[in-house]
Structures are given as C-alpha cells and as structure tokens.
Amino acid sequence: MSFPMSTVLHMILMSIEFSIGIAVNGYLIIVNCTDLFKSRKLKPVEVLFLCIGISRFGLQLMLMVQIFYSVFFPLTYDKNIYNETMMFFWMLFSAISLWFATCLTLFYCFKISGFTHSSFLWLKFRISKYILWLLWGSLLASLGTAAISTVVELPKMEFEDVFRNTTLQKTTANTEKNSDLLLVNLTLLLPLTIFVVCTSMLSISLYKHTHRMQSGPHGFSNVNTKAHINALRTIFTFVCFFISYFAAFMANMTFKIPYRSHQFFIVKEIMAAFPAGHSLILILNNSKFQQLFRRILCFKWNQ
C-alpha cells in the first residue's frame, strides 16, 4: 500500500507526537508509582500527576488506534472506531483527562493565590483533603458522559468512490443526529468554565502581589512571585492545548471531515498535541521531575 507524500508527512508528525506523549505520560506514571511503592503514600499533587498521566496515556492510545485504522483499514474505520465499546473508552479518556487537569488547576488556584476572603482561606487550607473527592467526582462525571455517548445514535457515513489513486475521497455524513451527540460533548464545557475561573483568580492574585512587592520582604516576594509565574505558565499553556483540543474534538465529532484528507490529519494532530504537550510542560516546570530526569540522563551518559 502506497501513500501520497502529504499523508506520509502527517504520519511522521503524529508518530513524533505519540512517541512524546507515551514517553512523558509514562514518565509521570512510573515516577509517582515508584514513590507510592517506596513511601506507601503520595502527596495530593502527586496523586493528581499520577491520575493525569494515566488518563492521558489512555487518551494517547485511543488516538493511536484511530489513526492506525484510518490509515491502514479505512473501510472498517466506522465499524471498529465508532462502535459502543470504542466510543465509551474514547469519551471516557477524553473527558477524564480534561477533568483531572482542571482539578490540578483548581489545586494551583487555592494553594498559590493570595486572596484573604474567609471562604477562600477555609478552602485553601482544606483543598488537599478534598483532592480525592474531586478526583472521584471527575471520574463519575466522565463515566456519565461516556455512558450517555454510547446510547446516542451516530450519523451514518456514506462513501463515494472510496479509493482513487490511493487517496480516500470525500465522504458525506447524515448530520441529522449530530445535535444529540454534540450536546453530550458540550458537557466538557463545564471543566473549561472552572478552569477559566481559576486562571482569572490566579492572574488577579499575581497582579495584586506584584504591587505589594515593594512593601514586603524581597526574598519572600520573589519566591512567591516565581510560584505564581510558574503556575500561570503551566495553566496558560494548558488553556491553549485545552481550547485547541476541544475545538478539534468537536470538529471530529461532526462526521464531516473526509478520512485521510489534509483536514482529517490536522484535526488528529491537534488532538494528539494536548496529552503530549501539556504533560511535557508539567514535567519541565516541576523541580522534582527535572532533577530525576537529569539523574537518568547522567546515569545513561556515564554508562
């Protein structure tokens, strides 16, 4: 089976994204599982990192399966990808990876923001105790979204001239039943809303803190400001990945994009960038992961 050059280039790019995604999320899982086995206990933020790594590892595998069938078995793509089982796991990993990352943003917001309102302070000192409850709630919400998506009837795909010069031609979709499925997908706007609120609170906190720097001890102010900047950098990169992933996901679920077309691969590339890119940013902005990664590189280099 031969492929046009554009398809080969898309496949190379996605292979790089998948390799990075598997590596960084596998790294998050291995590091935190190792700490769990050693100390028999994980800090709340370490639990969050572990859950994020597992959810995105699963999401990356689902994307790999979709690309594999779309490239090598396009005639059976609908049958193998849009059946109830695959749709359930596809929606589960999509939703839960977004919810877990939103929980991390919420954790950053309460632990770093310097608001002094009594209700905020009450939650600030208790957020660590509620992390497990937030994770369980995220899991239940994701399971609900995935379960509902399996009972929604998907649009039928009708192929016209399936192959011509090894390139799939455009397909037409019956979009009459798209509205129900899109309404299910819009439930993912809830974690986005929570994320936007938390990001806004962190931004306001940083703005207020920089105006108080001159009146306070410079050492403490610099450390606190650095924490704000690191958290904001992580969160702002996440919002870019989140919004681009959500837009690509919704475009994918319209069933209007021709298989193996240029638009099809671009949508899949944007979706694959989310679980790989944000996890990489988390590792690069975490001193513990950085130190351990340097040790691994030094060990490999010495060998």
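In which kind of crossing does α2 pass α6? The crossing is left-handed. This is a predicted model, so that applies to everything below. 

## Around α2

Let's stay with that pair for a moment. The axes of α2 and α6 come within 9 Å, and they cross at roughly 20°. An angle under 35 degrees counts as roughly parallel, which means α2 runs roughly parallel to α6.

Now turn to the partnership of α2 with α4. Here the two helices pack with their axes 9 Å apart, at an angle of about 150°. That angle makes α2 roughly antiparallel to α4, because anything over 145 degrees falls in that class. The handedness of this crossing is left-handed. As for who sits in the contact between α2 and α4, sorting the residues by class gives 22 nonpolar, five polar and one charged.

Here are the two packings of α2 side by side:

| Helix pair | Axis separation | Angle |
|---|---|---|
| α2 and α4 | 9 Å apart | about 150° |
| α2 and α6 | within 9 Å | roughly 20° |

## The core and α4

What's inside? The largest nonpolar core holds 70 residues, and those with the most contacts within it are Trp90, Tyr108, Leu135, Tyr245, Phe249 and Met271. Helices that each put at least two residues into this core include α1 (5–39), α2 (44–72), α4 (84–112) and α6 (127–151). Further along the chain, α8 (189–212), α9 (218–252) and α10 (262–284) each supply at least two as well. The largest share belongs to α4, with 19 residues of this core.

That helix is worth a closer look. Of the 29 residues in α4, 24 are buried, and the helix is mostly covered. Its length works out too: at 1.5 Å a residue, the 29 residues of α4 should span 42 Å, and the end C-alpha atoms are indeed 42 Å apart, which agrees.

## A few residues to click on

Start with Arg40, which sits in the loop between α1 and α2. Its phi is near 60°, a positive value in a residue other than glycine. For background, most residues other than glycine have a negative phi. Is Arg40 buried or exposed? Its relative accessibility is 67%, and over 50% is the mark for exposed, so Arg40 counts as exposed.

Met253 is another loop residue, this time between α9 and α10. With a relative accessible area of 0%, Met253 is buried. Its C-alpha is separated by 8.7 Å from that of Asn185, and the two residues are 68 apart along the chain.

Pro275 belongs to helix α10. It counts as buried because its relative accessibility is 0%, under the 20% limit. In space, Pro275 and Phe57 are 7.6 Å apart, C-alpha to C-alpha, although their positions lie 218 residues apart in sequence numbering.

Finally, back on helix α2, there's Tyr69. At 23% relative accessibility, Tyr69 counts as partly exposed. The C-alpha atoms of Tyr69 and Ile81 are separated by 7.9 Å, with the two residues twelve apart along the chain.

Technical notes
Residues numbered from 1 in each chain as written. Predicted model: local features only at pLDDT ≥ 70, side-chain atom pairs only at ≥ 80, totals over all residues. Heavy atoms only, no water. Core = buried A, V, L, I, M, F, W, Y, C linked by side-chain atoms within 4.5 Å. Buried < 20%, exposed > 50% of the residue type's maximum accessible area, 1.4 Å probe, protein only. Helix = DSSP H or I, 4+ residues; strand = E, 2+ residues; numbered from the N terminus. Axes fitted to C-alpha atoms, helices over the stretch in contact; angles between N-to-C directions. Parallel < 35°, antiparallel > 145°, perpendicular 65-115°, else oblique. Left-handed = near helix turned anticlockwise from the far one by under 90°. Nonpolar A, V, L, I, M, F, W, Y, C, P; charged D, E, K, R; others polar. Expected span 1.5 Å × (residues − 1).
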